[in-house]
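Open the model in your viewer and keep the selection box at hand. This tour goes stop by stop.

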Amino acid sequence: GDNESAIEYLTKAAELGDLVAHFELANFYRDGEFVGKDMKKVIYHSEQAAIGGHPMARYNLGCVEKENGRMDRAVKHWVIAAKL
């Protein structure tokens, strides 16, 4: 269906280095929308987008760190996101 095609095309775009595709895939895997929830994929795609300079991906990585009780790392991500 259309949702499967969307995930397929986003995945191909991410493999080619598209930051927005990485960010969107991270959101889909976090929410379990059209795909199963998968935190490893959330973190992977968020990291790829953040490394490329996507500020919301960097912010979201901070949120993951906060949820895991690592406030020091969360704050570092948020500071970087604010500077992007």
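Start at G69. This residue follows helix α4 and has a positive phi, near 80 degrees. Keep in mind that you are looking at a predicted model.

**Stop 1: helix α4**

Step back from G69 and select residues 55-67, which form α4. The helix has 13 residues. From first C-alpha to last, α4 reaches 19 Å, close to the 18 Å expected at 1.5 Å a residue.

Now colour its buried positions: A57, R58, N60, L61, G62, V64 and E65. What do the buried residues of α4 pack against? Show α2, α3 and α5 (71-83), and you have the partners.

**Stop 2: four residues on α4**

Pick A57, in helix α4. Its relative accessibility is 0%, so A57 counts as buried. Beyond residues up to four places away in sequence, A57 touches F23, S46, A49 and A50. Add E47 and draw a C-alpha to C-alpha distance: A57 and E47 are 7.2 Å apart in space, and ten residues apart in sequence.

Move to Y59, also placed in α4. Is Y59 buried or partly exposed? Its relative accessibility is 38%, so Y59 counts as partly exposed; the cut-off for buried is under 20%. Setting aside neighbours within four places in sequence, Y59 is in contact with W78 and A81. Then pick V79. The C-alpha atoms of Y59 and V79 are 8.6 Å apart, with their places 20 residues apart in sequence.

Next, V64, another residue of α4. V64 counts as buried because its relative accessibility is 12%, and buried means under 20%. Which residues does V64 touch, not counting those up to four places away in sequence? Select M39 and I43. For a longer view, add K37: its C-alpha is separated from that of V64 by 14 Å, and the two are 27 residues apart along the chain.

Finish this helix with E65, placed in α4. At 9% relative accessibility, E65 counts as buried. Show R70, R73, A74 and H77 around it: E65 is in contact with these four, leaving aside neighbours within four places in sequence.

**Stop 3: where α2 meets α4**

Add residues 19-31, helix α2. The axes of α2 and α4 come within 10 Å and cross at roughly 35 degrees. The crossing is left-handed. Which residues make the contact? On α2, select F23, N27 and R30; on α4, select M56, A57 and N60. By type, the contact divides into three nonpolar residues, two polar and one charged. You have met A57 already, with F23 among the residues it touches.

**Stop 4: along α2**

Stay on α2 and look at its length. The helix has 13 residues and reaches 19 Å from its first C-alpha to its last, where 18 Å is expected at 1.5 Å a residue.

Colour the buried positions of α2: A21, H22, F23, L25, A26, N27, F28 and Y29. Now show what lies over them. The cover includes α1 (2-15), α3 (39-51) and α4.

Zoom in on the N-terminal end of α2. What caps it? Select D18: a side-chain oxygen of D18 lies 3.0 Å from the backbone nitrogen of V20.

Then go to the other end. Just after α2, G32 takes a positive phi of about 70 degrees.

**Stop 5: the loop after α2**

Step on to F34, in the loop between α2 and α3. Check its backbone angles. Most residues other than glycine have a negative phi. F34 has a positive phi, near 70 degrees, and is not a glycine. Display the surface as well: F34 has a relative accessible area of 43%, so it is partly exposed.

**Stop 6: I80 on α5**

Last, select I80, in helix α5. At 37% relative accessibility, I80 counts as partly exposed. Add A50 and draw the C-alpha distance: A50 and I80 are separated by 9.4 Å, though 30 residues apart along the chain. A50 is also one of the residues that A57 touches, which brings you back to α4.

How values were computed: Residues numbered from 1 in each chain as written. Heavy atoms only, no water. Axes fitted to C-alpha atoms, helices over the stretch in contact; angles between N-to-C directions. Helix = DSSP H or I, 4+ residues; strand = E, 2+ residues; numbered from the N terminus. Left-handed = near helix turned anticlockwise from the far one by under 90°. Contact = heavy atoms within 4.5 Å. Nonpolar A, V, L, I, M, F, W, Y, C, P; charged D, E, K, R; others polar. Expected span 1.5 Å × (residues − 1). Buried < 20%, exposed > 50% of the residue type's maximum accessible area, 1.4 Å probe, protein only. Polar contact = N/O pair within 3.5 Å; in protein donor to acceptor, adjacent residues only side chain to side chain.
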